[in-house]
Amino acid sequence: MSTVTIMPSGRTVDAAEGSTLLAAILGSDEKIQHNCDGKATCGTCHIFVLEGRKGVSKIGREENEKLDSIVGVGSKSRLACQATVLGTEDITLEVLSFR
Ligand code: FES
């Protein structure tokens, strides 16, 4: 279990090992776009993982390819639907789609 802090609201939610960051965000009642429902094809669930990146699964090929096509991607970028909680560290992330 990890505690996920969601910026900019600062809301926190507990996330079980193996759950996606998208599920954690939606479970906290925070809003985030997720147009393809977790298939790594839309890119609308783009977030920044600010802290605890070692507590999140590694980027896979599909996620990497989609991130390559998104404007504004940086070293902290992840697709919330593809990044899963490892349960080893607490995580702070920033939701970008509702700025
Ligand atoms: S919901 Fe579409 S890429 Fe994550």
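Helices (H or I, at least four residues) and strands (E, at least two) are DSSP runs, numbered from the N terminus. The model is predicted; local features need pLDDT of at least 70, side-chain atom pairs count only at pLDDT 80 or more, and totals for chains, interfaces and linings use all residues. Residues are numbered from 1 along each chain as its sequence is written.

The protein chain holds two helices and five strands. Their order along the sequence is β-β-α-β-α-β-β. The C-alpha trace spans about 30 × 25 × 20 Å along its principal axes. The radius of gyration, taken over C-alpha atoms, is 12 Å, which agrees with the value near 13 Å for a compact globule of 99 residues. That globule rule is 2.2 Å times the number of residues to the power 0.38.

Contacts require C-beta atoms, placed from the backbone, within 7 Å. Among contacts between residues at least 6 apart in sequence, 69% join residues at least 24 apart.

Of the 99 residues, 29% are buried (20 or more other C-beta atoms within 10 Å of the residue's own, C-beta atoms being placed from the backbone). The largest nonpolar core (buried Ala, Val, Leu, Ile, Met, Phe, Trp, Tyr and Cys residues joined through C-beta atoms within 7 Å) has 21 residues. Leu21, Leu22, Ile25 and Ala80 touch the most other members. At least two core residues come from each of β1 (2–7), α1 (21–27), β3 (46–51) and β5 (91–95). The largest share, five residues, is supplied by α1.

Leu21 was examined further. Beyond its neighbours within four places in sequence, Leu21 contacts Val4, Ile47, Arg78, Ala80, Ala83, Val85 and Leu93.

Technical notes
Buried ≥ 20, exposed ≤ 12 C-beta atoms within 10 Å, placed from the backbone. Contact = placed C-beta atoms within 7 Å.
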